[in-house]
Amino acid sequence: MAEPAHSDEPLLKTPLHAEHVALGARMVPFAGYDMPVQYPSGILTEHNWTREHAGLFDVSHMGQAFLFAEDKSHETVARALEALIPADVQGLKPNQQRYSQLLSEDGGILDDLMVTRVGAPGHEGWLYLVVNASMKEADYAHIEARLPKGVALRRKDDLGLMALQGPSAEAVLAKLAPEAAALAFMMSADVQIGGIWCHVSRSGYTGEDGFELSCHGKDAPTLWNKLLADPEVKPIGLGARDSLRLEAGLCLYGHDIDTTTSPIEAGLIWSIQKRRREEGGFPGAARVQREIKDGPARVRVGLKPEGRAPAREGTIITTPDGREVGIVTSGGFGPTVNGPVAMGYVAKDVSAIGTDLHLVVRGKPLPAKVAAMPFAPHRYKR
Amino acid sequence: MTTRYTKDHEYIRVEGDAGIVGISDYAQSQLGDVVFVELPSVGKSLSKGDEAAVVESVKAASEVYAPVSGEVVEVNSDLEAAPGTVNEDPAGRGWFLKLRLTNPSELDGLMTEEQYQEFVKSIS
């Protein structure tokens, strides 16, 4: 997710806008939408609740779209998307999901996204995409301009999307849709919950086990309230979404990754499957393959300040003797860690875990160490 | 004992020639959960409007300005271990620092409790 560009356009509302207002949320502009940054309980409580129980997030502002091949062939649609992203799309099984990035010709990241091979009968040759809210117009234009004949993009602005995240998520969903609760990580299913169609995937962006549920916008408030009716579930705003993903070591587009960073610098090589690393055939492949072979000049690392002061985005990183070696791209207070955490890019020679560095906060160099990520352990159901 | 407020939501509670500085209840509610407070060193001289302290919520860092000129004679070091006190009791245990006033007439330019409450109403 990225910050909104300033605009005088009226803010858009998700299908759940009225629910947030009724819950007493503090609403802020985000990526052109009027979104809840927190509910009355506050960010710390929401963060901890998600780690200990289950949090419900409105992510309907994100872009949902289908890519489909007229010849109903998975290979056709997969090849079309593989020309734009470095993930192995051809190898996706029906209902399987993968994280990837739209790359520019020079190997920079235009956006990050989720790709699912649709498994519903009658949808052979369909892929389901979820892209960042702030980038969706640019992404759709980029994709459409590069599709071969016989493959088309259909944006689905009429869908809502919510994420149910946390250790209780499985038990909560099991009461409503047992078949969805049985999914493996990064797998999806189409289910009915109280007569509402929804596409459920076992995924999320908090580091916790959990699900994302896509449904028709008109059904979103009913589904939202059905989930919230469980005492284990509380609504969670964008503030805690950010602290949760930061502790989980996950990238935020426009901050930790952008057109100047490659997936290798960003530590996202795990999202480029073996066949694609070897064969290339995606934008920026030359840079990606070179950086895999020789190592990138700089890399994204975790940073743990030794004191209590958070180091925010934009903080300069130096060696203890004052040599500038990088910059913080996300940083703040980690409620689960109970202390400040950050991530940023540093020169390769100072990127080893445990390296002593300084973070220059309000003009003062504060000691920090390169730290392993995630800061809070991932608890995905593999 | 009188309490005065700034438009930036600091308060100063004056007792004799010294004043206790903190942030208002409105300010703490707008900031959200406070997770870090940076306090000045004792002995530091501040002019009215100088940055006196930094208060950080989960989301962002904000400056706390000196409501009037003075010398820092005490700081609330309890906030280092328990920054959340600023949310729990901003007017009491959540105070930031104590200033010995060097120009008490500056207090006349600040808002009274009643004026401040009107001001908060006008912006919220």
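Student: In β13(A), which residue is the bridge partner of Ala54(A)?

Tutor: Ground rules: this is a predicted model, where local features need pLDDT of at least 70 and side-chain atom pairs count only at pLDDT 80 or more, while totals for chains, interfaces and linings use all residues. Residues are numbered from 1 along each chain as its sequence is written, with chains lettered from A and ligands numbered from 1 in the order in which they are written. Strand β3 (residues 54-58) of chain A runs parallel to β13(A), and 3 bridges join them; strands (E, at least two residues) and helices (H or I, at least four) are DSSP runs numbered from the N terminus. Ala54(A) has as its partner in β13(A) the residue Val233(A).

Student: Which helix packs on that sheet, touching β3, β9 and β13 of chain A?

Tutor: The helix touches β3, β9 (159-165) and β13 of chain A; touching means a contact, with C-beta atoms placed from the backbone and lying within 7 Å. Its direction makes about 120° with that of β3(A), where axes are lines fitted to C-alpha atoms (for helices over the stretch in contact) and angles run from 0 to 180 degrees between N-to-C directions. The helix is α2(A).

Student: Why do β10 and β13 of chain A each have one side without a neighbour in the sheet?

Tutor: The open sheet has 6 strands in the order β10-β11-β12-β9-β3-β13 (chain A), with mixed pairing; two strands pair if DSSP finds at least two bridges between them. One side of β10 (188-193) and of β13 (233-235) of chain A is left free because they stand at the edges, each with a single partner strand.

Student: What is the order of the 6 strands that close into a barrel in chain A?

Tutor: The pairing in the barrel is antiparallel, and the twist averages 40° from one strand to the next. For instance, 3 bridges join β15 (residues 316-318) to β18 (residues 356-361) of chain A, with Ile317(A) opposite Leu359(A). The order is β14-β17-β16-β15-β18-β19.

Student: Which helix lies across β16 and β17 of chain A?

Tutor: The strands in question are β16 (324-334) and β17 (339-347) of chain A. The helix runs at about 125° to β16(A), and its name is α8(A).

Student: Which element gives the most to the side of domain 1 of chain A that touches domain 2 of chain A?

Tutor: Domain 1 covers 17-61 + 158-247 and domain 2 covers 297-371 of chain A, bounds that come from an automatic or database domain assignment. The contact takes 7 residues from domain 1 and 8 residues from domain 2 of chain A. On the domain 1 side, α2 (43-52) and α8 (238-247) of chain A each supply at least two residues. The top contributor, with 4 residues, is α2(A).

Student: What is the radius of gyration of chain A?

Tutor: Chain A has 10 helices and 19 strands. For 382 residues the globule rule gives 21 Å, and the chain's value is close to that, so chain A is as compact as a globular protein of that length. The rule is 2.2 Å times the number of residues to the power 0.38, and the radius is taken over C-alpha atoms. The radius of gyration of chain A is 21 Å.

Student: How many residues of chain A are in contact with chain B?

Tutor: Chain B brings 11 residues to the contact, with β4 (34-38) and β6 (51-57) of chain B each supplying at least two. The largest share on that side, 3 residues, comes from β4(B). Across from chain B, the number of chain A residues is 13.

Key. Two residues are in contact if their C-beta atoms, placed from the backbone, lie within 7 Å.
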